[in-house]
Amino acid sequence: MNQSIDLDAPALAAPARRSRAFALPLIVFALFALLPLAAVLGPQSFILALVTRIMILALAAMSLDLLIGYGAMISFGHAAFVGIGAYSVAILSSHGINDGFVQLGTALLVSFVFALVTGAISLRTKGVYFIMITLAFGQMLFFLATSLAAYGGDDGLSLSSRSLLFGSKILKNDTVLYYVCFGLLLGAYLLLRSVVASRFGRVLRGIRENPVRMEAIGFAPYRYQLTAYVIAGMIAAVSGCLLANQAEFVSPAYATWQRSGDLIFVIVLGGIGSLHGAIIGAAVFSLLAELLSHYTEHWALIFGPILILVVLFARGGIGGLLGSKP
Amino acid sequence: MTLTLAFVQILNGLQFGLILFLIAAGLTLVFGVMDFINLAHGVQYMVGAYLVAAFTAMTGSFVAGLALALPTALIFGLLLELLIFRHLYDRSHLDQVLATFGVIIFLNQAVKFIWGAAPLSVPIPDALSGAVEIADGMLYPVYRLVIIAVGLAVGLALYLIVNKTKLGMLVRAGASNAAMVSALGVNIRFLFTIVFGVGAMLAGFAGAMVAPILSVEPGMGDNVLILAFVVIVIGGIGSIRGAFIAALLIGLVDTLGRFMAPTLLKMLLDPAAASQIGRAIAPMLIYILMAAVLFFRPSGLFPSKS
Amino acid sequence: MSVAPLQLKNLCKSYGALRVTDDVSLEIAAGELHAIIGPNGAGKTTLIHQISGLAAPNSGSIIFHGEDVTRLPMNARARLGLVRSFQITSILPRFSALENVALAVQAQHGSSFSFFGNAAAEADLNDIAMGLLQRFGLGTRALVPAGQMSHGEKRQLEIAIALAAKPKLLLLDEPLAGTSHDESQRLINTLQELRRELPIVLIEHDMDAVFALADRVSVLVYGRIIASGPPQSVRDNPEVRAAYLGDEVV
C-alpha cells in the first residue's frame, strides 16, 4: 500500500553521537568556507556567483527537508516562500527602503502569515490532497506575482542596489555576499539540526512514523506539523531574500511549481532526511544544470531522465551512496 | 454589463469547465483506482494538441488529423505506462511525484526540440468555423459550441459506462478498494491499463479539441494540470461525478470571476484600483474556492473512499 | 457515590445499513478488569475505537470520570488518562524501544514545543522509560529499533507505551494476539499486576486469559451485548454458548 514517504529508506536515528556522522557535513561546510580563497585561481566572480547560488538553493531545499524528510509533509508549493522573500526585498527596494534588516523582517513576517494560513488549511488534508493543495497555493502566489504590474509583472523587477547592512553597501562585494550566505546556511543548518533532535523534532519524527500512535499517547499532530510548516516557510523566505540580492533581480519564475519540484529533486538527489543532503543535492543539481547547458540548450532532455532514473534506482540519493545515514 | 455578455461568459466558462472535466476525469480515476499521482497527465493533453497540429498539417484536414491523433495519443500514453509508470505503482507518492515531474521536464523539452518553441496554430475546420447568433446581436463561435456539445456527450458516455456497465462497476470498486477487487480475482493489471489508457486518451482528446482555439506550445499542459488537480481535489478523488461538478464549478468561477471581479470592485473602489486589484484577484479565485471547500470537506465533495 | 471511571451510554454506530455498535451500555467500576469477548466481526475493535476516540459513534455518549468525552479527539482523551493499545501492533518502527516509550513519557512531562536540547538524552524521560521496559522484560532490548523486535516483544512494548502515558484506564485490544505461550504467560502475569493499579478493559480471544483475569465479562455479538457479568455466569449462559463459546468450553 502506498504511503506518502517510503519507509524502507535508511533508518531514522537519534541525533548523531558518533564522530563519523559529523564528517560529511563538516567536509561540506569546510569546502564552502574555503572556496573563495581557492577561487583566486580561476574566473573568480563566475564561480563565486555559482556557488553563492548553490548555497541559496541549499538553504531553501534544507528547509523543505524538514517538512519532507522529517515530517512526511510533501509540500509542492515551497518555492512560493522563496518568492515571498525575494519580492519583499525587491518591492521595498523599489520604494527606496533598502535596509537589509527591514527587508528581512518583512519577508519573515509575510512568510509567517502565508505559511500559517495556507498551512492551517493544507494540513487539514492528507496524502495526495496535501500535495495538491500545496501545489495550488504555490500557484496562487505565482499568479499574484505575475499580476503585480507595478512591480514588473511577468517580466520581473530589477533591484537598484543590494540590501544595505547597517547603512553600508558592503553586500555589493560578491565575497561578502558569499560569506553572508554561508553564515546563514550554516546557521540554518545548526538550527535545523537542533530542532530535529529536540523534543519538538522527536514528536515530528514520530508523527511521520505513525501519526495514530502519536495521537494515542496524547500528541495532537496538527499543531506540530503546522509549526514545522511555518518554520520551513520562513527559512525559505530568507533564501529568497538572498536570491534577490545575488541576482539583483526578482521574477515570478522564482515561485513556479516547477521550482518547487526542483527543490524536491534536490533533496532526493542529496538524500532525504539528512539536512546536509540538501546541500549536496543543491551542488550536484546546479553543477549538472550548468554543465549540461553548456553543451545544449535542450539540456532538460537529459535532466528529465536523470531525475526518473534517480527516483527509480538511487533510493538514498547521493548522500546515501556516500554512507551518510539521516 | 449586458446580460448577453454575461451569457457569453457563462458559455465560455462551461466550455472551459468541460475541457477541464475531460482532463480531470482520467486523472481522478488513475488516482482513485491506482493510487498513482500522475503529474505527467498534463503532457498527455499537450501531446494530443501537438499530434493533432502535426497530423492536420500533414493531411490538410482537421478531422483526419483528429482521427490519427487520438490512437497515437493512446499508444503514447500506454508506452509511458509500460516504460515508466508501471514501475511506480508500488512506490511512495513522493517517488511518483518526482518521476512524473521528470517526465514533464523531458517532454516539454522534447516538443520544443521537435517543433520549436514558437506556438503552432491549428486552423478551425471550415465546417465548424464562423459564429451563430445566440442572442440579439451576440455572436458565439460555432467551434466552441461544438466543444461544449462534445464535452457533454463524453461526460454522459462516461457516466453511463461507469455507472451502468460491469467494467464501470469494477472501476468504481477499484477506486473504493483496489486490493479488495484484486483479491476477488479481477485482473487488476488489466483494469489499471484500461483506466490509464482511457484517461490518457481523454486528456489527449481534450488537447486536440482545444488546439484550434488555444496556442499549442511547450508547457501548455502545466497550468491545466494544476487546474485539473484543483478539480479532483474539490470533487473528491476517484469520483467522476465529483470531477464533473467541480470542473464546471471551476470553469464558471474562473471565467466569470475574471470577467466580473473588476466590475464588482468598481462599485467599491475607483476604476484604476478596481481594475488592478480585480486582475490580481481573479486568477486566485479558484484557489480560494478550493481552500474553502477543503476547509469544510478535507476529502472533497464526493470522495470515493470514506 | 463516586463516579465510575468509564460509562458507555447507548452507543450506536452504523456503516450504512450495517450496525456495528447496537445500543451498547456498560459501566466499568474502579479497580475492575472487564473483558469483552465475542466472535470476529462482532464490533469489539470498533467499540474500542469509539471509546478511545479513533472513531465517532452516531449516537450515545462516553463518560470518563464524570466527563463527557464523546466529542473529544483521541489525543485529548489520552491526556485525560484514557489510554489504549492496538490490536495490530502500532509502534514507531525506526525508533528504539526506549524512545518509543520515552516519547509517551515526554507527552506527560511538560511541553514538547521545545526546539533546543537533545530529547533522546533527557535522563529523566529515559529513566522512567527504562524502568517500564524492564518491568516488561525488555530492558536489554532498549536500544533495538522497535521494528526489529519479535512479535511478542512488540506486544509487550505496546503495553509499556500505553503505561508510559500515565493512564487512569487502559483499553487493551487483543494484547495476546500472536504471542507464543511463554510470551502470553508473561503478559498475563503483568496484567495481573496491573489490574490492582487501574481499571482495564480487555478485548481478548484467549479464553484462559480472560477467565483467569476478568472480574466481569461482557459478550458482544453483532454489535450488541448479549450477556454481562462474572466470568462463571457468562460461561454458563446458554445464549453465549450458542453464539460464541460452544458447548465444549471448560
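Of the 326 residues of chain A, 60% count as buried, and this figure, like every other one below, is computed from a predicted model. The secondary structure of this chain comes to 13 helices and 2 strands. Among the contacts in chain A with a separation of 6 or more, 78% are made by residues 24 or more positions apart. The chain exposes about 12,200 Å², of which carbon and sulfur atoms supply 68%.

Helix H4 of chain A is a useful place to begin a closer reading. Its 23 residues should span 33 Å at 1.5 Å a residue, and the end C-alpha atoms are 31 Å apart, which agrees with that expectation. At the N-terminal end of H4(A), A:Asp99 acts as a cap, with a side-chain oxygen lying 3.2 Å from the backbone nitrogen of A:Phe101. The buried residues of H4(A) include A:Gln103, A:Ala107, A:Ser111, A:Phe114, A:Ala115 and A:Thr118. An α-helix has 3.6 residues a turn, so residues three or four places apart point the same way. The buried residues of H4(A) pack against H3, helix H5 (127-147) and H9 of chain A, together with helix H12 (285-296) of chain B.

Helix H11 of chain A, residues 276-295, offers a second example, with 20 residues and a reach of 29 Å from its first C-alpha to its last, close to the 28 Å expected at 1.5 Å a residue. Buried residues of H11(A) include A:His276, A:Gly277, A:Ala278, A:Ile279 and A:Ile280 towards the start of the listed stretch, and also A:Phe285, A:Ser286, A:Ala289 and A:Leu292.

Aromatic side chains provide another way through the model, since the structure holds 30 aromatic pairs over all chains. In one of them, the rings of A:Phe81 and A:Phe114 have their centres 5.6 Å apart and their planes at 75 degrees, and the pair is edge-to-face because that angle is over 60 degrees. The pair links distant parts of the chain, with A:Phe81 in helix H3 (residues 79-94) and A:Phe114 in helix H4 (residues 100-122) of chain A, 33 residues apart. A:Phe81 is buried, with a relative accessible area of 1%, and A:Phe114 also counts as buried, at 14% relative accessibility.

A second pair, formed by A:Tyr224 and C:Phe113, has its ring centres 4.5 Å apart and its planes at 10 degrees, so the rings are stacked. This pair crosses between chains, from A:Tyr224 in helix H9 (residues 221-247) of chain A to C:Phe113 in the loop between helix H3 (97-108) and helix H4 (123-135) of chain C. A:Tyr224 counts as buried at 4% relative accessibility, whereas C:Phe113 is partly exposed, with a relative accessible area of 31%. Elsewhere in chain A, the residues A:Phe29, A:Tyr178, A:Tyr179, A:Phe182 and A:Tyr189 form one aromatic cluster.

In chain C, aromatic rings also meet charged side chains. C:Arg84 lies over the face of C:Phe86, at 4.2 Å from the ring centre, and the charged end of C:Arg235 sits over the ring of C:Phe211, 4.3 Å from its centre.

Two aspartates deserve attention for their backbone angles. Most residues other than glycine have a negative phi. B:Asp35, however, has a positive phi of about 55 degrees although it is not a glycine, and B:Asp35 lies in the loop between helix H1 (3-34) and helix H2 (41-59) of chain B. For C:Asp23, phi is likewise positive, near 55 degrees, but this residue lies in strand S2 (residues 18-28) of chain C. C:Asp23 is partly exposed, with a relative accessible area of 43%.

Back in chain A, A:Ser160 lies in the loop between strand S1 (157-158) and helix H6 (174-197) and is exposed, with a relative accessible area of 61%. A:Ser160 and A:Ser93 are 67 residues apart in sequence, and their C-alpha atoms are 7.3 Å apart in space.

Finally, the arrangement of the chains can be set out. Of the 2 pairs of chains in contact, chains A and B share the most contacts. No contact joins chain B and chain C, whose closest C-alpha atoms lie 10 Å apart.

Definitions and conventions
Residues are numbered from 1 along each chain as its sequence is written. Chains are lettered from A and ligands numbered from 1 in the order in which they are written. This is a predicted model: local features need pLDDT of at least 70, side-chain atom pairs count only at pLDDT 80 or more; totals for chains, interfaces and linings use all residues. Side-chain values use heavy atoms; hydrogens and water are left out. Helices (H or I, at least four residues) and strands (E, at least two) are DSSP runs, numbered from the N terminus. The expected span of a helix is 1.5 Å times one less than its number of residues. Buried means under 20% relative accessible area, exposed over 50%, partly exposed in between (1.4 Å probe, protein chains only). Rings of Phe, Tyr and Trp (its six-membered ring) pair if their centres lie within 6.5 Å; planes under 30 degrees apart count as stacked, over 60 as edge-to-face and the rest as tilted. A charge sits over a ring if NZ of Lys or CZ of Arg is within 6 Å of the ring centre and within 35 degrees of the ring normal. Contact means heavy atoms within 4.5 Å. Accessible areas come from the Shrake-Rupley method with a 1.4 Å probe; for residues, only the protein chains shown count as cover. A polar contact is a pair of N or O atoms within 3.5 Å; within protein, one must be able to donate a hydrogen and the other to accept it, and residues adjacent in sequence count only if both atoms are side-chain atoms.
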